[in-house]
Amino acid sequence: MPLWSLFRDLHAGSTTWGLKVRIVRIYKQTYANSSNAGTMEMVLHDETGDRIHASMYLDLYEKIKEHLVEGGLCRITHVMVKENDWKGKTTTNNQRLQLFRLSKFFEFKPDTFPTVMHNLKEFNELEIPK
């Protein structure tokens with residue numbers, strides 16, 4: 001397994017993945033049945049522009065939040081890969097990431113990592129409004 005993987009190469013069964021990602025969006029998901037329970041949700045893209053959804057519990061987020069900024073880059077190691085069977089998917093990826101207490105986060109700032117923050121359609125894909 002290479003040191004840094006692309007999202008298309010991920011599969012369940014291992015938690016030793018290493019990823020280089022840009023954070024497209026990060027937000028808190030709260031639940032109606034509890035006043036303080038919730039998760040932090042992220043949409044990430046890799047070097048090819050592929051996107052994946054990632055989740056973590058709030059206690060983990062509090063420990064590493066200085067590394068997580070929308071538009072920022074980070075390296076993440078030790079993640080769980082799960083089936084993306086959620087009803088309200090944020091990406092078209094069939095998998096999602098679960099970050100847990102062994103997950104590690106590191107900032108990095110290469111000049112060559114692409115910025116694919118928005119998925120804009122090509123002009124020829126747009127319909128003329130009726």
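Visitor: What makes the link between the side chains of T77 and H78 a polar contact?
Guide: A polar contact is a pair of N or O atoms within 3.5 Å; within protein, one must be able to donate a hydrogen and the other to accept it, and residues adjacent in sequence count only if both atoms are side-chain atoms. The side chains of T77 and H78 are joined at 3.2 Å. That value lies within 3.5 Å, so the link earns the name.

Visitor: What kind of model is this?
Guide: This is a predicted model: local features need pLDDT of at least 70, side-chain atom pairs count only at pLDDT 80 or more, and totals for chains, interfaces and linings use all residues. Residues are numbered from 1 along each chain as its sequence is written, and side-chain values use heavy atoms, leaving out hydrogens and water.

Visitor: Is T77 buried or exposed?
Guide: Buried means under 20% relative accessible area, exposed over 50%, and partly exposed in between (1.4 Å probe, protein chains only). T77 has 16% relative accessibility, so it counts as buried. Its contacts (heavy atoms within 4.5 Å) include W4, W17 and L102, not counting residues up to four places away in sequence.

Visitor: Why does H78 count as partly exposed?
Guide: H78 stands at 31% relative accessibility. That falls between 20% and 50%, so the middle class applies. H78 also has a positive phi of about 65°, although it is not a glycine.

Visitor: Where are T77 and H78 placed?
Guide: T77 lies in strand β4, and so does H78. Helices (H or I, at least four residues) and strands (E, at least two) are DSSP runs, numbered from the N terminus.

Visitor: How do you know that β4 and β5 pair?
Guide: Two strands pair if DSSP finds at least two bridges between them. Strand β4 (residues 73-83) and β5 have nine bridges, in the antiparallel sense. Nine passes the cut-off, so they pair. In one of these bridges, V79 has L99 in β5 as its partner.

Visitor: Why does L99 count as buried?
Guide: L99 belongs to strand β5. Its relative accessibility is 1%. That is under 20%, so L99 is buried. Not counting residues up to four places away in sequence, L99 touches M42, A54, S55, M56, L60, I76, V79 and F105.

Visitor: How far apart are L99 and M40?
Guide: They are 59 residues apart in sequence and 9.9 Å apart in space, C-alpha to C-alpha.

Visitor: Why is β2 called largely enclosed?
Guide: Eight of the eight residues of strand β2 (residues 38-45) are buried, so the rest of the structure largely encloses it. In a regular strand, side chains alternate between the two faces of the sheet. Both faces of β2 are covered. G38, M40, M42 and L44 are buried on one side, and T39, E41, V43 and H45 on the other.

Visitor: How many bridges join β2 to β3, and how many join it to β1?
Guide: β2 has eight bridges to strand β1 (residues 18-30), in the antiparallel sense. T30 has G38 in β2 as its bridge partner. Seven bridges join β2 to strand β3 (residues 51-57), again antiparallel. There, M42 has A54 in β3 as its bridge partner. β2 and β3 form a hairpin with five residues between them, and G49 in the turn has a positive phi of about 95°.

Visitor: What closed form do the five strands make?
Guide: They make a closed barrel, in the order β1-β2-β3-β5-β4, with mixed pairing. In this barrel, β3 joins strand β5 (residues 95-107) by three parallel bridges. A54 has L97 in β5 as its bridge partner.

Visitor: What pattern does the chain follow along the sequence?
Guide: The pattern is β-β-β-α-β-β, made of one helix and five strands. Of the 130 residues in the chain, 42% are buried. Among contacts between residues at least 6 apart in sequence, 60% join residues at least 24 apart.

Visitor: Why is the pair of F108 and F113 edge-to-face?
Guide: The structure holds one aromatic pair. Rings of Phe, Tyr and Trp (its six-membered ring) pair if their centres lie within 6.5 Å; planes under 30 degrees apart count as stacked, over 60 as edge-to-face and the rest as tilted. F108 and F113 have ring centres 5.8 Å apart and planes at 90°, so the pair is edge-to-face. F108 is buried at 13% relative accessible area, and F113 is buried at 6%.
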